[in-house]
Amino acid sequence: MNIESYLANWKNRIDEKLDEYLPSPETYPETLSRAMRYTVLAGGKRIRPILLITTYQLCGGKNVDEIFPVACALEFIHSYSLIHDDLPSIDNDDYRRGLLSSHKKFGEDIAILAGDALFSHAFYTIAESYIAPKKKDEILKTLTFAIGNKGIIGGQIKDVETDPTKRNPKLLRYIHSHKTAIFFSAACEMGGILAEVDSNIITHLRKGGLFMGMAFQIIDDVIDVEGVMEEAGKDINSDENKLTYPSIYGVGHSKEIAKRYTQISMKHLKNINNESDLLEGIILFLLRRMK
Ligand code: GRG
């Protein structure tokens, strides 16, 4: 199976599960249910849940049905972060996943609450799953660390308060590793935890995911410069007032750095098992993407 079919196949299965775990559009209060469903089901590559499932299987995990709630929880949290990231007080973006962003469609008040509800719903979905309590504790520790003050929110704070006119590569690495890469790292690590691999492999998963996420965010910045809105499904040239790789290094050099991070990522992920060229395929797909 080629990598595009592999990704499309999992995306379809994850989409079905997301639909199942979300409140139905008729669930009271209907506006909230509709707003939660709108952004999650608008689309998206589902890359974080796919990474969780892929690493789980490569690490020997056999029961994908059992881990679907965790995979979907990652997508609920990711969708929540996109809704809040698009708000007028943060990035003020009008389009997301090919549709109007949540606050443009429903208003800012509903968008904030829909994001909050998706965040809570992620943890409810994990709590309801049949994963053994010890493993549940471990994945929750990894996940909550990754999305907290020392993770995504820490990175996002520096993203909004940083002066983009000051060239600061170290700070940029902090922003990217925290607002984006740590989530990739957590998804890979959680796949390993769920498959019960030893701590040496967990370390490789964590580092491999982190460097993959760094490369991913650089390409996201490049898309903001070189992409077209119809294909990307979101606002383009919206990073003009941000510190980004292209703003510091230019587009060409940024792509080279992304390739280098990809190679480091693969060096770690090759330690999982002989079939980790599947992960290499995913990484190369992410490097080539324009959305
Ligand atoms: C605690 C999770 C959390 C969030 C609160 C608003 C906020 C703080 C953080 C924003 C983080 C953010 C949106 C980082 C950018 C990451 C990024 C490159 C998103 C695009 O992801 P894709 O390309 O999007 O996977 P699709 O639509 O394909 O899912």
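## Aromatic contacts

F119 and F123 both sit in helix α6, four residues apart, which is about one turn of the helix. The model is predicted. It holds seven aromatic pairs. A pair of aromatic rings is described by the distance of the centres and the angle of the planes.

Take Y80 and F119. Their ring centres lie 4.8 Å apart and their planes stand at 45°, so this pair is tilted. The angle is neither under 30 degrees, the limit for stacked, nor over 60, the limit for edge-to-face. The pair links distant parts of the chain. Y80 belongs to helix α4 (residues 64-86) and F119 to helix α6 (residues 108-128), with the two positions 39 residues apart in numbering.

F119 also pairs with F123. Here the geometry is edge-to-face, with 5.5 Å centre to centre and 80° between the planes. Ring pairs thus link Y80, F119 and F123 into a cluster.

How buried or exposed are these residues? The table gives the relative accessibility of Y80, F119 and F123.

| Residue | Relative accessibility | Class |
|---|---|---|
| Y80 | 17% | buried |
| F119 | 29% | partly exposed |
| F123 | 22% | partly exposed |

The cut-off for buried is under 20%, so Y80 at 17% counts as buried. F123 at 22% counts as partly exposed.

Arginines also meet rings. R167 lies over the face of Y249, 5.6 Å from the ring centre. R289 lies over the face of F216, at 3.7 Å from the ring centre.

Note on methods:
Residues are numbered from 1 along each chain as its sequence is written. This is a predicted model: local features need pLDDT of at least 70, side-chain atom pairs count only at pLDDT 80 or more; totals for chains, interfaces and linings use all residues. Side-chain values use heavy atoms; hydrogens and water are left out. Rings of Phe, Tyr and Trp (its six-membered ring) pair if their centres lie within 6.5 Å; planes under 30 degrees apart count as stacked, over 60 as edge-to-face and the rest as tilted. Buried means under 20% relative accessible area, exposed over 50%, partly exposed in between (1.4 Å probe, protein chains only). A charge sits over a ring if NZ of Lys or CZ of Arg is within 6 Å of the ring centre and within 35 degrees of the ring normal.
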